[in-house]
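Subject: Structure handover

Hello,

Here is the structure for you to look over. My notes on what was found follow below it.

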Amino acid sequence: MTAAHAPDGRKVTEVAVGVMVSPDGRYLLAQRLAGKPYEGYWEFPGGKLEAGESVEDALARELHEELGIAVTACHRWHTLEHDYPHAYVRLYFCKVTGWTGELHGKEGQAFVWQHLPVDVAPLLPAALPVLELLAKDEAQR
């Protein structure tokens with residue numbers, strides 16, 4: 001990825017995000033840790049791309065670091081940008097449909113599997129349009 005800048009000149013933070021889909025159609029949401037911006041908010045798991053990393057490699061690394069799993073099947077799904085007070089982010093959402101290992105919050109974070117509509121709150125603002133896209137996808141099936 002090349003260095004990019006937001007409309008206001010701030011650096012764009014590139015983030016790989018996993019929309020993990022269980023065999024029964026539920027989605028995984030994780031709770032942000034204390035001390036991070038938006039602590040306690042629910043989000044799709046993932047993290048920042050490191051220099052030279054592809055979106056898929058970054059996502060596999062992050063999900064292993066955060067949840068202890070190895071991704072075996074994922075594909076890029078949607079890219080969204082969001083302007084948070086603390087960072088302008090470009091979010092590469094990937095649907096993750098295969099993994100090995102037992103999920104556990106390696107950083108002590110809570111996580112839940114949810115059907116739509118989700119019943120956890122508050123949700124990270126950038127998660128809201130993704131939930132709407134998932135609902136549209138489900139309605140088209």
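**Threonine 13 and strand S1**

Threonine 13 touches Lys48, Ala87, Tyr88, Val89 and Arg90, leaving aside residues up to four places away in sequence. Contact here means heavy atoms within 4.5 Å. A word on the source: this is a predicted model, in which local features need pLDDT of at least 70, side-chain atom pairs count only at pLDDT 80 or more, and totals for chains, interfaces and linings use all residues. Residues are numbered from 1 along each chain as its sequence is written, and side-chain values use heavy atoms, with hydrogens and water left out.

Threonine 13 sits in strand S1 (residues 12-20). Strands (E, at least two residues) and helices (H or I, at least four) are DSSP runs, numbered from the N terminus. Threonine 13 counts as buried because its relative accessible area is 18%. The cut-offs are under 20% for buried, over 50% for exposed, and partly exposed in between (1.4 Å probe, protein chains only).

The rest of S1 is covered too: 9 of its 9 residues are buried. Val12, Glu14, Ala16, Gly18 and Met20 point one way from the strand. Thr13, Val15, Val17 and Val19 point the other way.

What does S1 pair with? S1 and S6 pair in the parallel sense over 9 bridges. Two strands count as paired if DSSP finds at least two bridges between them. Within that pairing, glycine 18 stands opposite cysteine 94 in S6. S1 also runs antiparallel to S4, joined by 3 bridges. There, alanine 16 has glycine 47 of S4 as its bridge partner.

**Histidine 5**

Histidine 5 lies in the segment before S1. Is it buried or exposed? Histidine 5 is exposed, because its relative accessible area is 54%. Histidine 5 touches Arg10, Lys11 and Val12, again not counting residues up to four places away in sequence. Its C-alpha atom is separated by 9.9 Å from that of valine 89, and the two residues are 84 apart along the chain.

**The open sheet**

Three strands form an open sheet, in the order S3-S2-S7, with antiparallel pairing. Strand S3 (42-43) and strand S7 (111-114) are the edge strands, each pairing on one side only. Strand S2 (residues 27-31) and S7 pair in the antiparallel sense over 4 bridges. Leucine 28 has tryptophan 113 in S7 as its bridge partner.

**Cysteines**

How many disulfides are there? A search of the whole structure finds 0. A disulfide would need a pair of cysteine sulfur atoms within 2.5 Å. Why is cysteine 74 not bonded to cysteine 94? Cysteine 94 holds the closest cysteine sulfur to that of cysteine 74, but it is 5.0 Å away, so it is too far for a bond. Cysteine 94 is buried, at 0% relative accessibility. Cysteine 74 is partly exposed, at 28%.

**Aromatic pairs**

The structure holds 4 aromatic pairs. Rings of Phe, Tyr and Trp (its six-membered ring) pair if their centres lie within 6.5 Å; planes under 30 degrees apart count as stacked, over 60 as edge-to-face and the rest as tilted. One pair is tyrosine 38 with tyrosine 41: edge-to-face, 5.0 Å centre to centre, 90° between the planes. Tyrosine 38 also pairs edge-to-face with tyrosine 84, at 5.2 Å centre to centre and 65° between the planes. This second pair links distant parts of the chain. Tyrosine 38 is in the loop between S2 and S3, and tyrosine 84 is in the loop between strand S5 (70-83) and strand S6 (88-100), 46 residues apart. Ring pairs link Tyr38, Tyr41 and Tyr84 into a cluster.

Exposure varies by ring. Tyrosine 84 is buried, at 6% relative accessible area. Tyrosine 38 is partly exposed at 24%, and tyrosine 41 is partly exposed at 27%.

**The largest pocket**

The largest pocket holds about 600 Å³ of space. On a 1 Å grid over the protein atoms alone, a pocket is an open set of points where a 1.4 Å probe fits, with protein on both sides within 12 Å along at least five of seven lines; lining residues have an atom within 4 Å of a point. Grid points are joined across faces, edges and corners, and the volume is the space filled by probe spheres set on the points.

The lining has 30 residues, of which Val15, Arg32, Glu43, Gly46 and Gly47 lie nearest the pocket's centre. S1, S2, strand S4 (46-48), helix H1 (55-67) and S6 each supply at least two lining residues. S1 gives the largest share, with 4 residues.

Best wishes
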